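Biologist: Hello! I am new to this one and would love a close look at a single part, the contacts between charged side chains. Could you walk me through them?

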Amino acid sequence: MLDQQPVCPIGMGYKSYEPFQRSFDPANPAPLEFSPQYWLNPEDVIEACRMTKKHERTIGCCGISGNGAPNLLCRKCRTEVGTMQTDCFTPLIFIPDPSNTEFRKAD
């Protein structure tokens, strides 16, 4: 993965069995330390989501670091749906929160 490059093309995604983040502290796991994860292009979700108003989750240098837990909300129901990273030292990625999202086949 390259900084400032999407992890996948628009309309595609990856399923990873390795977490995007690791804390190496069982008592204090990183926000993105779960698996499996789906890695998506942020462009695929930007119209359906909006940024949280919780400032500590939107901190970054040139974008959003994504280190502060879920930072995108569903525009319709306002549920936290996942974490987006767009900072200069991160790849461009959206990782859905598995407890609040589900994937369905399109009709």
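How many salt bridges does a search of the whole structure find?

Modeller: Happy to help! Please keep in mind that this is a predicted model. The search of the whole structure turns up 3 salt bridges.

Let's begin with the pair formed by arginine 22 and glutamate 18, whose side chains meet with N and O 2.7 Å apart. Arginine 22 is partly exposed, at 42% relative accessibility, and glutamate 18 is also partly exposed, at 48%.

Now for glutamate 80, which takes part in a salt bridge with lysine 54, where the closest N and O atoms are 3.3 Å apart. Lysine 54 sits in the loop between β3 (49-51) and β4 (72-74), while glutamate 80 belongs to strand β5 (residues 80-85), so this contact ties together parts that lie 26 residues apart in sequence. Lysine 54 counts as partly exposed, with a relative accessibility of 38%.

Glutamate 80 also meets the side chain of arginine 57 in a salt bridge, at 2.5 Å from N to O. Here again distant parts of the chain are linked, with arginine 57 in the loop between β3 and β4, glutamate 80 in strand β5, and their positions 23 residues apart. Arginine 57 has a relative accessible area of 16%, so this residue counts as buried, the cut-off being under 20%.

Put these contacts together and you have one network: Lys54, Arg57 and Glu80 are joined by salt bridges that share partners.

How values were computed:
Residues numbered from 1 in each chain as written. Predicted model: local features only at pLDDT ≥ 70, side-chain atom pairs only at ≥ 80, totals over all residues. Heavy atoms only, no water. Salt bridge = Lys/Arg side-chain N within 4 Å of Asp/Glu carboxyl O. Buried < 20%, exposed > 50% of the residue type's maximum accessible area, 1.4 Å probe, protein only. Helix = DSSP H or I, 4+ residues; strand = E, 2+ residues; numbered from the N terminus.
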